[in-house]
Amino acid sequence: MPNFVELWVYLSATPLFGLTATLITYVLAQAVYLRMHQAPWANPVLWSVSSIAAVLLLTGVPYPTYFAGAQFIHFLLGPAVVALGWPMWQRRAELRQRWGRLLIASVAGGSAASGSALALGWALDLPADVLLSLAPKSVTAPVAMGIAEKIGGIPALAAVFAVLTGLVGALSGKYLFAVLRLPYDSRGWGARGFALGTAAHGIGAARALQVNADAGAYAGLALGLQVVLASLLMPLLFRLLA
Amino acid sequence: MQGLRGLAWLLGLQSVGELLARGLSLPFPGPVVGMVLLLMALGWAPVAEAVAVCADFLLSHLSLLFVPVGVGVMTHLTLLSQYGGRMLLVIILSTWAGLAVTALVLFKLTSPPANNDAELR
């Protein structure tokens, strides 16, 4: 019988490993999340990321080896960003009717998120390339990477910051909105969803979608708007500042 | 079959988006241009029918797609051990700022649905 270690070394080096590990871990984490009545702390992305990273670190499998398989899932982020046009299209009547206030909320929220990140990070003495990677953190990861690259940040770091931001939003949004005393009617749910989509992108929107249909629709709209606005305005703004 | 046709549309529009973004050196990432193109194309019924199935599937599992990038956190452990606490603080506080500002601004701007007169005040 071949040695278990040898088998592991073989399997962990094939792309099949990264792909399978990602899918199985996520499916399990999703099942636990549902079993825990979708409690924010049971977030499936949080547990998938931390358990996969822990296993890789413990077994000494390098990240590029894992990514060779996981890239097939990562690749779908591109078409998923294109697909964001679909929820926007479905809500086009609402968008046409309320585009003014939605645009104001989107710009205000996006500026508050990245402005406060830059100011705080600067006050805490973070290095410049880390700061520039923090700036696009409220935009969905693939777009945040593109923006970071354009303004002089580190794309890989920007992606990690974006994922962490999404998790913070999904984990704590519920409590923050309770502190803000938002009501539980369609107006309150709309504001919650739009805020999650704006400040916590896809991970926040996924959370909104699971909790309430109104919140989910607004989150999808906010996500799309934030992507367009941030990728248009941020490189322009930083070019003017530089 | 519709799902497959939808995926073909999404990938096709993403590719055209990449070409336009690179060729005209637009400030947008390719997929964002693809999204805008999709918004224009959705007026055509065959596109809408095909894309609906695929887009709903992709977007309902959106959070899975962030896992590979998220695991990349392990490659920045030295940076994290050096600045981790401060970076986390910045991320948490700025995310709350973004959430609160967006929610409050939209909430204040939206009139209560039952009272349409409020808009005239």
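Here a trainee asks how the descriptions of this predicted model are reached, and a mentor answers.

Trainee: What makes a feature eligible for mention in this predicted model?

Mentor: In this predicted model, local features need pLDDT of at least 70 and side-chain atom pairs count only at pLDDT 80 or more, while totals for chains, interfaces and linings use all residues. Residues are numbered from 1 along each chain as its sequence is written, and chains are lettered from A and ligands numbered from 1 in the order in which they are written.

Trainee: How many helices and strands does chain A have?

Mentor: Chain A has 12 helices and 0 strands. Helices are DSSP runs of H or I with at least four residues, strands are runs of E with at least two, and numbering starts at the N terminus. Read along the sequence, the pattern is α-α-α-α-α-α-α-α-α-α-α-α.

Trainee: Why is chain A called as compact as a globular protein of its length?

Mentor: Set the radius of gyration, taken over C-alpha atoms, against the globule rule, which is 2.2 Å times the number of residues to the power 0.38. For 242 residues the rule gives 18 Å, and chain A has 19 Å; the two are close, so chain A is as compact as a globular protein of that length. Its C-alpha trace spans about 70 × 45 × 35 Å along the principal axes.

Trainee: Why is A:Ala105 called buried?

Mentor: Count the other C-beta atoms within 10 Å of its own, with C-beta atoms placed from the backbone: 20 or more means buried, 12 or fewer exposed, and in between partly exposed. A:Ala105 has 28 such neighbours, so it counts as buried. Of the 242 residues of chain A, 51% count as buried.

Trainee: Where does A:Ala105 lie, and which residues does it touch?

Mentor: A:Ala105 lies in helix 7 (residues 92–123) of chain A. Leaving out residues up to four places away in sequence, it touches A:Phe194, B:Thr102, B:Val105, B:Leu106 and B:Leu109. Contact requires C-beta atoms, placed from the backbone, to lie within 7 Å. A:Phe194 is 89 residues away in sequence, with 8.5 Å from C-alpha to C-alpha.

Trainee: What makes A:His37 exposed, and what is its phi?

Mentor: A:His37 has 7 C-beta neighbours inside 10 Å, so it counts as exposed. Its phi is positive, about 55°, although it is not a glycine. Most residues other than glycine have a negative phi. A:His37 sits in the loop between helix 2 (15–35) and helix 3 (44–59) of chain A.

Trainee: How do you know whether A:Asp125 is buried or exposed?

Mentor: A:Asp125 has 9 other C-beta atoms within 10 Å, so it is exposed. Its phi is also positive, near 70°. A:Asp125 is in the loop between helix 7 and helix 8 (128–134) of chain A.

Trainee: What divides chain A into domains?

Mentor: The bounds come from an automatic or database domain assignment. Chain A has domain 1 (4–75) and domain 2 (80–241). Their C-alpha centres lie 26 Å apart. The contact takes 6 residues from each of these domains.

Trainee: How many residues form the contact between chain A and chain B, and what kinds does chain A supply?

Mentor: The contact takes 90 residues from chain A and 61 residues from chain B. The chain A side divides into 64 nonpolar, 22 polar and 4 charged. Ala, Val, Leu, Ile, Met, Phe, Trp, Tyr, Cys and Pro count as nonpolar, Asp, Glu, Lys and Arg as charged, and the others, Gly among them, as polar.

Notes
Two residues are in contact if their C-beta atoms, placed from the backbone, lie within 7 Å.
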